[in-house]
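Biologist: Could you take me on a close look at the salt bridges in this protein? I am new to this, so please explain the terms as you go.

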Amino acid sequence: QGCDPFAQTQRSKLQHRRARINQQINKEMRMRAGAENLFRATSNHKVKETVALELSYVNSNLQLLKEELEELNSSMDVYQNDSESISVPMIPLGLKETKELDLLVPLKDLISEHYGEDGILFEKEIKEFMELRQAMRTPSRNEAGLELLMEYYNQLYFLDSRFFPPTKSLGVFFHWYDSLTGVPSHQRALAFEKGSVLFNIGALHTQIGARQDRASLPGLNQAIDAFQKAAGAFNYLKENFSNAPSLDMSAASLNMLVRLMVAQVQECIFEKMTLLRAQHDFLSQLQLAQEAARVEDVYSLVHQTMTQAHVKDYVPFSWTTMVHVKSEHFKALSHYFAAIALCDCPAPSDAELPEQEKAFIQFHITMPEGPSLRILLQDPEERRKLGKAHLKKAIMKHEEAMRIHGLCKILRKMDILQEVLSFAHKRSLSKYSEIDHEEDFFETGDAPDIHPKTHQKPEIKSPNFSQVKVTDLFHRLGPLSVFSAKNKWYPVRRVHLMRGENGFGFTLRGDSPVLIAGVIPGGCAAEAGLKEGDYIISVNGKDCKWSKHAEVVQLLKSTGEEGVEIGVITL
């Protein structure tokens with residue numbers, strides 16, 4: 001459940017194309033490494049020339065492949081919703097691809113060597129684990145897909161405890177491709193596998209967020225929830241997994257992704273406000289203007305983060321442009337709503353004035369030039385003047401957003417974004433011509449920027465791993481407190497005991513596995529070589545690793561004249 005390998009939706013076609021490009025990049029990288037080695041090793045001029053030519057071919061091929069991949073990563077349409085309503089597209093992330101992994105032999109070997117059990121008897125569990133890994137490579141884009149990734153992530157905890165000793169490597173490599181550049185990386189550390197799965201949990205949340213219908217309140221709330229959880233997954237990854245070999249999991253990239261998700265949440269909060277604030281009163285319009293200014297603020301921060309040295313060459317140009325366009329677009333909206341508040345809302349009555357004055361004092365970053373606030377709010381002509389200045393600034397910012405949008409080939413193909421920008425621009429222009437008087441001889445001043453403020457602060461929601469309960473696939477190996485990769489024990493000893501007048505001559509305590517707490521000197525157990533601290537793992541051939549204290553006592557009591565054979569281990 002939660003796995004969708006056959007649905008040839010646009011998205012899985014996208015993933016297949018991505019995987020194909022990843023393989024080609026991989027091949028070109030190997031050719032480049034070989035050619036570079038040959039170039040360094042040879043002293044023959046003719047060979048050097050040929051290799052240099054070959055290298056230039058390989059490098060230009062790599063460049064083309066990376067551009068093809070960037071174009072794929074920018075196809076955000078695939079992840080957007082299909083509703084008729086127009087909403088600004090969001091940026092989703094593609095999942096990291098991984099290679100198949102065969103654990104059958106390494107795990108069987110380790111079970112034989114470390115646990116002293118027959119590895120063949122655990123083939124069913126190993127195959128079950130491998131099937132789970134195979135399934136989580138193609139999660140469905142919904143709650144079930146998220147649960148599948150969580151289940152695999154939680155199962156890795158058990159795998160780590162059972163099969164990854166601190167001193168020795170299992171000898172398998174985990175291969176994952178960078179989600180944006182397609183560059184392959186591999187590591188023996190299970191932490192790389194865990195981190196990559198966590199990255200995909202975040203990426204899947206972004207896809208779920210981007211496909212919500214944000215024209216309705218339930219859709220908006222789901223989008224907010226999904227982007228907050230995506231931010232939480234990337235933040236958790238940044239704080240708990242360092243030294244990842246791939247760029248998408250570096251601290252700088254994750255920091256950028258967390259900020260991007262928070263900005264997308266803030267944008268949804270603004271959209272929610274526009275849905276809820278249907279009434280066009282003065283205070284509501286001021287709130288919308290401040291909310292838009294807050295969105296502009298967070299997108300400006302994302303844009304700064306995306307243009308920093310470690311991130312700039314790595315993030316798709318379309319993302320950086322989209323974020324830049326949004327910061328200008330929302331700045332324009334903040335000025336537009338300020339103008340609407342001033343020009344479309346009636347001047348306040350004496351009863352309303354104190355509340356409006358209080359809201360307006362904190363509205364601008366610097367106070368507008370001209371008359372006092374009280375006069376400004378009560379004089380329709382002064383309101384129109386300041387409103388006109390805000391609209392002038394709004395139109396400039398709309399035009400800047402459209403100019404930046406036009407610079408990116410990939411964004412130019414996105415009709416929805418184009419529509420949103422030109423609709424907002426036309427709306428501001430028509431408002432401007434409506435309030436512009438022919439006899440205006442005053443120079444339209446420069447409107448101060450609006451103070452950013454939000455009524456709902458985005459949360460970064462960390463992943464809740466405990467919501468998906470899993471049972472340890474390898475629980476037959478025994479309780480983890482004893483039977484783990486980090487513990488070592490001597491081979492199992494089988495001991496035959498006869499009951500004496502003092503019983504068997506030892507005392508027991510604890511559960512699963514039961515521990516020999518004391519051995520009576522000169523008793524039957526002492527003679528058989530049992531020691532304090534030994535664990536009882538079988539009684540008369542019955543496995544007792546998981547048995548409770550009372551069960552083991554009952555088994556020992558029920559033995560007859562022939563005595564009892566117990567299996568023990570010493571740590």
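Modeller: Happily! Let's begin with a group of four: K331, K393, D446 and D449 are joined in a network of salt bridges. A salt bridge here is a side-chain nitrogen of Lys or Arg within 4 Å of a carboxyl oxygen of Asp or Glu. Before going further, please keep in mind that this is a predicted model, where local features need pLDDT of at least 70, side-chain atom pairs count only at pLDDT 80 or more, and totals for chains, interfaces and linings use all residues. Residues are numbered from 1 along each chain as its sequence is written, and side-chain values use heavy atoms, with hydrogens and water left out.

Within that network, K393 pairs with D446, and their closest N and O atoms are 3.8 Å apart. K393 sits in helix α14 (residues 380–406) while D446 is in the loop between α16 (415–435) and β3 (493–497), so this pair ties together parts that are 53 residues apart in sequence. Helices (H or I, at least four residues) and strands (E, at least two) are DSSP runs, numbered from the N terminus.

How buried or exposed are the two partners? K393 counts as buried at 15% relative accessibility, whereas D446 counts as exposed at 67%. The words have fixed limits: buried means under 20% relative accessible area, exposed means over 50%, and partly exposed lies in between (1.4 Å probe, protein chains only).

Now let's step back to the whole structure, which holds 26 salt bridges. One of them joins the side chains of K96 and D248, at 2.9 Å from N to O. K96 is in the loop between α2 (45–73) and α3 (104–115), and D248 is in the loop between α7 and α8 (251–276), so the pair ties together parts that are 152 residues apart in sequence. K96 is buried, at 3% relative accessibility, and D248 is buried too, with a relative accessible area of 1%.

For a pair within one helix, look at R294 and D297, whose side chains meet in a salt bridge of 3.3 Å, N to O. Both residues lie in helix α9 (residues 282–306), three residues apart, which is about one turn of the helix. R294 is partly exposed, with a relative accessible area of 23%, and D297 is also partly exposed, at 34%.
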